[in-house]
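Q: Could you take me through one part of this model up close, and then work outward from there? I'd like a connected picture rather than a list.

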Amino acid sequence: MDPYIVSARKYRPTTFDSVVGQEALTTTLKSAIAAGKLAHAYLFCGPRGVGKTTCARIFARTINCLNPTPTGDPCGSCESCMAFQEQRSFNIQELDAASNNSVDDMRELIDKVQIPPQVGRYKVFIIDEVHMLSTAAFNAFLKTLEEPPAHAIFILATTEKHKILPTILSRCQIFDFQRMTVADIVKHLLYVAQSEGITCDTEALHVIAEKADGGMRDALSIFDQVASFCGGNITYAKVIEDLNVLDYDEYFSMTNHLLKVEVPQAMLQLNGILAKGFDARIFINGLAGHLRNVLMCRDAQTLPLLDVSDQVRQRYQEQATRCKPTWLYSAIRLCTQCDQNYRTAGNKRLLVELTLIEAAQAAADDEGAGCGRGPIRKLKPLFQAPAAQQAAAGAPATKVPAQAPQHPTATAQPAPAPQPAAASTPPRPATSRPRRVVASLSINALGRDYDLKRQQATQATQQEAATTGRGTTAAQTTGRGVRLQPFDDDRLTYYWFSFAQKLPQEQNAMAGRLKNMQPHVTQNWQVEVTLDNEFVLEHMTRLRPSLTAYLREQLANDAIQLVYHVAAKDAQHRPYSQKEKLQDMLSRSPELAELCRNLQLELA
């Protein structure tokens, strides 16, 4: 019986045309050979199993072939080709730099370079894993690499180009080998399966190609393993079982549960996945990749970005029609954040479960979908109550007649007339005044004490208004139900800044502009604001509907109208000094000015 040879060696390419997935590089090498423009040093770099050493051997055989074919490939029958096939050629020498990386090994190689070839025209030295050479060996090799004999050609191969000295890189022609696509690997595996008489499913080969991660050697090794397990009949189910990878069905089913907000079913499916021995991080990464594929299927232009079979692509397209892009953005972001926090999480399973819960609830709530930039992370009740509890909860409650509140003065006096709203001014937020006053420590302490007393007085006024009936909407509306609650500039400024603080994160710049504005109320409840330029006017015009609605609601006045004025171009703006800032604060707060006079406080 003939000895068994693995597919990676048995089907190793022997010509440039048989190299898979590197058409640009092989075309360049063939053109250089045909034109006789050969460099003295080449550097082949790229991931493992993509054809670096194979192309180096084909190149060495081709330039030494005595009777090359019209296509530029070695004939395979001349003395030079036969010597290489029988592994007795002295013109092509390979050196493993991983185990021969000393200065002495490099000196021995330099001595061999001086000997001319006996058969053929060139002596080719293939140095594999050249990045493993020591610095001293690199330095000893520099001179020979730069000016070798006319008959010597060096081909250096490495998977880590960044570890090679720049002086070596500058002396070589560099060829970057790319990872092979899933389609190229599947095509080659079909050829190998037909040659070996093995039946296989295309979907099964897609799983093998994805597992290989762009390396043909890894793909052929996995193919041999699966072929032995399946007994010559490679099916999708057997490949999934043998390689212990998650099936497409798991991700499609999990996505359906999330779309239907079926949290209990999603938790049970996750438990089944973990029970099979899969790591939760592998699952969450696979789910993120699945959602990415679903997102790509929403546009016909991005369909080629999916390296899957036609049948699986149809399933992706069908599921994409039921997924909103906003939810896909949020779900992908949640999965990515889960992957980032997975390593440091104490309870890793709980982290994944919370991610699935948030993704499911984002599908039911458009507010949680957002744009994927920062989904609202909130949890709602997950599991439904028993039917008996639901029926009890759904029964109409017995109405209890309302009783009038008992207050010693509520019935004795009629409700007074509406008072000006200045007394019920809410406390200003810390950012309500853009002009910050730099004063002494004593002034700041007195100011804080003053603000605290003012807040207490405001709260007392509001409680009194609620008790006596003042400030209620019903008492200050017209017959048609239009609210006309009075307000002043202080209340207006408070809610103006409150609106600015509620703007989303992507509108931070606009929020800063709002905080620098000073709105004031005029006749007929018009709110006038002076803007710096036309650019700000354009953005404020977009905010007008939402800002007007917010102010009307918070100030209980339906007659509020926003009026914008653009400042004159010749208006001069200058920064305020500390003294001017203090004077402005004292003019706005007579009580604080009186304290400063009584205590003889001065600006620090």
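**A loop residue and the sheets around it**

A: Let's start with Glu-129, which sits in the loop between strand 3 and helix 6 (135-146). Keep in mind that this is a predicted model. Glu-129 has a positive phi of about 50° even though it is not a glycine. For background, most residues other than glycine have a negative phi. With a relative accessible area of 24%, Glu-129 is partly exposed; the cut-off for buried is under 20%, so this residue falls outside that class.

Step back from the loop into the strand before it. Strand 3 (residues 123-128) pairs with strand 4 (residues 152-158) in the parallel sense, over six bridges. Within that pairing, Ile-126 has Ile-155 of strand 4 as its bridge partner. Both strands belong to an open sheet of five, ordered 2-3-4-1-5, with parallel pairing. Strand 2 and strand 5 (173-176) are at the edges; each has a single partner strand, so one side of each is left without a neighbour in the sheet. From one strand to the next, the twist averages 20°. Helix 5 (residues 103-113) lies across strand 2, strand 3 and strand 4, and runs at about 160° to strand 3.

Now follow the chain back to the edge at strand 2. Ser-89 lies in the loop between helix 4 (79-85) and strand 2 (92-96). Ser-89 is buried, at a relative accessible area of 17%. A polar atom of the Ser-89 side chain is 3.3 Å from the backbone nitrogen of Asn-91. Leaving out residues up to four places away in sequence, Ser-89 touches Ala-83 and Phe-84.

What about the nonpolar interior? The largest nonpolar core has 75 residues, and Phe-223, Ile-234, Phe-283, Leu-287 and Tyr-316 touch the most other members. Helix 14 (residues 280-296) gives the most to this core, with nine residues. Take Phe-283: among its contacts beyond four places in sequence are Leu-246, Tyr-251, Met-254, Val-352 and Leu-356. There's also a second, separate core of 24 residues, including Trp-496, Leu-531, Val-536 and Tyr-550.

Further along the chain is another open sheet, this one of three strands in the order 8-9-10, with mixed pairing. Its edge strands are strand 8 (520-521) and strand 10 (561-566), each pairing on one side only. Strand 9 (residues 526-531) and strand 10 pair in the parallel sense over six bridges, and Thr-530 stands opposite His-565 in strand 10. Helix 23 packs on this sheet, touching strand 9 and strand 10, and its direction makes about 165° with that of strand 10.

Helix 23 (534-555) also helps to cover the buried residues of helix 22, as does helix 21 (489-501). Those buried residues of helix 22 (residues 508-515) are Met-510, Ala-511 and Leu-514. Looking down the axis of helix 22, they fall within an arc of 105°, so they line one face of the helix. In general, an α-helix has 3.6 residues a turn, so residues three or four places apart point the same way.

To finish, compare the starting residue with Gln-600, found in the segment after helix 25 (590-599). Gln-600 also isn't a glycine and has a positive phi, near 55°. At 68% relative accessibility, Gln-600 counts as exposed, whereas Glu-129 is partly exposed.

Definitions and conventions: Residues are numbered from 1 along each chain as its sequence is written. This is a predicted model: local features need pLDDT of at least 70, side-chain atom pairs count only at pLDDT 80 or more; totals for chains, interfaces and linings use all residues. Side-chain values use heavy atoms; hydrogens and water are left out. Helices (H or I, at least four residues) and strands (E, at least two) are DSSP runs, numbered from the N terminus. Buried means under 20% relative accessible area, exposed over 50%, partly exposed in between (1.4 Å probe, protein chains only). A polar contact is a pair of N or O atoms within 3.5 Å; within protein, one must be able to donate a hydrogen and the other to accept it, and residues adjacent in sequence count only if both atoms are side-chain atoms. Contact means heavy atoms within 4.5 Å. The arc is that of the directions from the helix axis to the C-beta atoms. A nonpolar core is a set of buried Ala, Val, Leu, Ile, Met, Phe, Trp, Tyr and Cys residues joined through side-chain atoms within 4.5 Å. Two strands pair if DSSP finds at least two bridges between them. Axes are lines fitted to C-alpha atoms, for helices over the stretch in contact, and angles run from 0 to 180 degrees between N-to-C directions.
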